[in-house]
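This report covers strand pairing, salt bridges and surface features of one protein model. Please view the sequence and structure below alongside the text.

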Amino acid sequence: MEEKKTRSEGLEWIKALLIAFGLAAIIRIFLFTPIVVDGISMMPTLEHGDRMIVNKIGYTIGEPHRFDIVVFHAPEQKDYIKRVIGLPGDTVEYRDDVLYVNDEPYEEPYLDQYKSEVQDGTLTEDFTLQDVPQIEAETVPEDHIFVMGDNRRKSKDSRHIGAVSIDEVIGSTSVVFWPIKDFGLVK
């Protein structure tokens, strides 16, 4: 009798573990996944080595918003983390370190720290979409977004790789969970 009870208990534990692993896999594949920031292209907002949670379902049921931080598959078979600057149909231009979207100036408070440190020239060089070789239009193409890193002088972004197809976007991210001292939401 004791052996039967032990075997039954063992089977229950195996079932519970299989269910737990299955749920964890479903959550990671379809809902949320961790990512590690690799490089300095998003400084000072994100530091190299920050660990974040990517929300994979947000863009399944919705659309990217301007200034969201997104993770996407880049052409180099690598995932990039950048900020959405232009949405489909937008014109994007930088003049004298000011962002203009559809001829309207936008403030970028997440760049204030870097702008105060720049002593030689501008943080973001002047450009329009027509200056980007991979974009053959005056506006961000349909079903694409224009992304840039916050560290404008050290970021490989849409100015270099062109507009990013929304199909390549894995999800948005705004939660740093490691290191603990940086735990919280980023904007």
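Strand S10 (residues 164–165) runs antiparallel to S9, and two bridges join them. Within this pairing, isoleucine 145 stands opposite valine 164 in S10. S9 also runs antiparallel to strand S4 (residues 78–86), to which three bridges join it. Here glycine 86 stands opposite phenylalanine 146 in S9. Two strands count as paired if DSSP finds at least two bridges between them. Strands are DSSP runs of E with at least two residues, helices are runs of H or I with at least four, and both are numbered from the N terminus.

S9 is mostly covered, with four of its five residues buried. Buried stands for under 20% relative accessible area, exposed for over 50%, and partly exposed for values in between (1.4 Å probe, protein chains only).

The model is predicted, so local features need pLDDT of at least 70 and side-chain atom pairs count only at pLDDT 80 or more, while totals for chains, interfaces and linings use all residues. Residues are numbered from 1 along each chain as its sequence is written, and side-chain values use heavy atoms, with hydrogens and water left out.

The pLDDT, which is the predictor's confidence in each residue from 0 to 100, averages 82 over the protein, and 89% of the residues score at least 70. Confidence is highest in strand S9 (residues 144–148), at a mean of 94, and lowest in H1, at 68. Where pLDDT is low, the predicted coordinates should not be read in detail.

The protein has four helices and 12 strands. Of its 187 residues, 39% count as buried. Among contacts (heavy atoms within 4.5 Å) with a separation of 6 or more, 61% are between residues 24 or more positions apart. The accessible surface comes to about 11500 Å², and carbon and sulfur atoms make up 56% of it. Accessible areas come from the Shrake-Rupley method with a 1.4 Å probe; for residues, only the protein chains shown count as cover.

Four strands form an open sheet in the order S7-S6-S5-S8, with antiparallel pairing. Its edge strands, S7 (104–106) and S8 (127–128), each pair on one side only. Strand S5 (residues 92–95) and strand S6 (residues 98–101) run antiparallel and are joined by four bridges. Tyrosine 100 in S6 is the bridge partner of glutamate 93.

Glutamate 93 also takes part in a salt bridge, with arginine 95. A salt bridge is a side-chain nitrogen of Lys or Arg within 4 Å of a carboxyl oxygen of Asp or Glu. The structure holds six of them, and the table gives three, with their N to O distances.

| Acidic residue | Basic residue | N to O distance |
|---|---|---|
| Aspartate 90 | Arginine 66 | 2.7 Å |
| Glutamate 93 | Arginine 95 | 3.1 Å |
| Glutamate 108 | Arginine 152 | 3.0 Å |

The side chains of arginine 66 and aspartate 90 meet in a salt bridge. Arginine 66 lies in the loop between helix H2 (58–61) and strand S3 (69–74), and aspartate 90 in the loop between S4 and S5, so this pair ties together parts 24 residues apart in sequence. Arginine 66 counts as buried because its relative accessibility is 19%, and aspartate 90 is likewise buried, at 7%.

In the second pair, glutamate 93 is buried, with a relative accessible area of 18%, whereas arginine 95 is partly exposed at 36% relative accessibility.

The third pair is glutamate 108 with arginine 152. Glutamate 108 lies in the loop between S7 and helix H3 (112–117) and arginine 152 in the loop between S9 and helix H4 (158–161), so the pair ties together parts 44 residues apart in sequence. Glutamate 108 is buried, with a relative accessible area of 4%; arginine 152 is buried, with 3%.

Another link across the sequence involves isoleucine 57, which is 115 residues from serine 172 in sequence and 8.8 Å from it in space, C-alpha to C-alpha. Isoleucine 57 sits in the loop between strand S2 (51–55) and H2 and is partly exposed, with a relative accessible area of 31%.

On the surface, Leu11, Ile14 and Leu18 form a nonpolar patch with about 310 Å² of accessible area together. Patches are made of residues with over 30% relative accessible area and no salt bridge; like charges are joined within 9 Å, and nonpolar side chains (Val, Leu, Ile, Met, Phe, Trp, Tyr) within 5 Å. Leucine 11 is located in helix H1 (residues 2–31) and counts as partly exposed at 47% relative accessibility.
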